[in-house]
Amino acid sequence: MEKSDQSTCNRAKAIRLIGIANELLAMARELEIGSSVATHLADIGIPVEARESGRAPAGQDHPIWVELARQTYEDRRRRTKIFQSEDLFGEPAWDILLDLFIAAKERRRVSVTSACIGSAVPSTTALRWITILEKQSLLVREADPGDARRVYVKLSARGYAAMLEHFASASRSVVLLDAPRPGVLAAR
């Protein structure tokens with residue numbers, strides 16, 4: 001039983017290290033492109049006191065959640081390939097939300113065209129879902145000031161908060177991110 005606890009502890013540490021590495025990569029990208037963390041946090045609705053520290057409030061955000069989102073998105077594509085059917089597992093709204101969540105965590109913009117491609121359904125279906133998600137206040141559209149033909153979509157503050165809540169709940173079933181399990185400390 002002690003080996004199982006050690007294995008769980010090692011897995012938790014590995015997941016935390018991956019999260020830290022992703023956070024460092026995001027910081028490097030920000031420095032490279034000149035984007036500021038505070039501006040991004042303001043864009044997604046993080047309160048001023050959290051922006052000043054450059055971090056989201058405790059328990060609200062965690063860098064591992066973007067990895068869970070990527071894994072979820074990749075799992076959905078893999079499932080389609082393995083079962084050789086795009087009709088069995090369609091859920092374009094979820095694919096769009098996953099894509100936009102990952103983009104928000106990577107601080108990159110997503111055009112409507114890209115969101116349609118990422119949803120893995122015909123453009124007309126994806127556009128219908130984008131409109132539905134917009135009406136539900138889960139995403140917003142933004143015109144590209146440099147190109148009137150291009151429109152970007154991003155998660156609204158409500159949409160981002162909902163994704164955080166989803167991955168916070170989902171991650172609890174995988175591994176406790178902030179607190180060691182009882183007995184794990186004793187095994188060390």
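These legends go with a set of close-up views of a predicted model.

**View 1. The whole chain, before zooming in.**
The chain holds nine helices and three strands. Starting at the N terminus, the elements come in the order α-α-α-α-α-β-α-α-β-β-α-α. Of its 188 residues, 36% count as buried. The accessible surface adds up to about 11500 Å², and 56% of that belongs to carbon and sulfur atoms. Take the contacts between residues at least 6 apart in sequence: 58% of them join residues at least 24 apart.

**View 2. Helix H5, wrapped up by the rest of the structure.**
H5 covers residues 92-106, which makes 15 residues. From first C-alpha to last it reaches 21 Å, close to the 21 Å expected at 1.5 Å a residue. How many of the residues of H5 are buried? The count is 15 of the 15, so the helix is largely enclosed by the rest of the structure. Right after H5 comes arginine 107, with a positive phi near 60 degrees.

**View 3. The largest nonpolar core.**
In soluble globular proteins, nonpolar side chains tend to be buried together. Here, the largest nonpolar core has 32 residues, and the ones touching the most other members are Trp65, Phe101, Ile130, Val153, Met163 and Phe167. At least two residues apiece are supplied by helices H4 (64-83), H5, H6 (112-118), H7 (123-135) and H8 (157-174), and by strand S3 (147-155). Which element gives the largest share of this core? That is H5, with ten residues.

**View 4. Arginine 70 and its two salt-bridge partners.**
Look first at arginine 70 and glutamate 67, whose side chains meet in a salt bridge at 2.5 Å, N to O. The two are three residues apart in helix H4, so about one helical turn separates them. Glutamate 67 is partly exposed, at 23% relative accessibility. Arginine 70 also meets the side chain of glutamate 106 in a salt bridge, this time at 2.3 Å, N to O. Glutamate 106 sits in helix H5 and arginine 70 in helix H4, so this pair ties together parts that are 36 residues apart in sequence. Is glutamate 106 buried or exposed? With a relative accessible area of 19%, glutamate 106 is buried, because the cut-off for that label is under 20%. Zoom out a little and there is a network of salt bridges linking Glu67, Arg70, Asp99, Glu106 and Arg108. Over the whole structure, a search finds eleven salt bridges.

**View 5. Another salt bridge in helix H4.**
Arginine 78 pairs up with aspartate 75 in a salt bridge, with the closest N and O atoms 2.6 Å apart. Both lie in helix H4, three residues apart, or about one turn of the helix. Arginine 78 is partly exposed at 44% relative accessible area, and aspartate 75 is partly exposed too, at 34%.

**View 6. A nonpolar patch on the surface.**
Ile82, Phe83 and Leu88 make a nonpolar surface patch of about 350 Å². Isoleucine 82 belongs to helix H4. Its relative accessible area is 58%, so isoleucine 82 counts as exposed.

**View 7. The loop between H7 and S2.**
Two residues are worth a look in this loop. Serine 137 lies between H7 and S2, and its phi is near 60 degrees, a positive value in a residue other than glycine. Serine 137 is partly exposed, at 39% relative accessibility. Leucine 138 is in the loop between H7 and strand S2 (139-144) as well, but at 16% relative accessibility leucine 138 counts as buried. What does leucine 138 contact, leaving aside neighbours within four places in sequence? Its contacts are Leu97, Leu133, Lys154, Leu155, Ser156, Arg158 and Gly159. Serine 156 is 18 residues away from leucine 138 in sequence, yet their C-alpha atoms are 5.3 Å apart.

**View 8. Strand S1 and the loop between H6 and H7.**
Serine 111 is in strand S1, residues 110-111. Serine 111 is buried, with a relative accessible area of 18%. Beyond its neighbours within four places in sequence, serine 111 is in contact with Arg150, Val151, Tyr152 and Val153. Alanine 120 is in the loop between H6 and H7. Its phi is positive, near 60 degrees, in a residue other than glycine, and alanine 120 is partly exposed at 38% relative accessibility.

Definitions and conventions: Residues are numbered from 1 along each chain as its sequence is written. This is a predicted model: local features need pLDDT of at least 70, side-chain atom pairs count only at pLDDT 80 or more; totals for chains, interfaces and linings use all residues. Side-chain values use heavy atoms; hydrogens and water are left out. Helices (H or I, at least four residues) and strands (E, at least two) are DSSP runs, numbered from the N terminus. The expected span of a helix is 1.5 Å times one less than its number of residues. Buried means under 20% relative accessible area, exposed over 50%, partly exposed in between (1.4 Å probe, protein chains only). A nonpolar core is a set of buried Ala, Val, Leu, Ile, Met, Phe, Trp, Tyr and Cys residues joined through side-chain atoms within 4.5 Å. Contact means heavy atoms within 4.5 Å. Patches are made of residues with over 30% relative accessible area and no salt bridge: like charges are joined within 9 Å, nonpolar side chains (Val, Leu, Ile, Met, Phe, Trp, Tyr) within 5 Å. Accessible areas come from the Shrake-Rupley method with a 1.4 Å probe; for residues, only the protein chains shown count as cover. A salt bridge is a side-chain nitrogen of Lys or Arg within 4 Å of a carboxyl oxygen of Asp or Glu.
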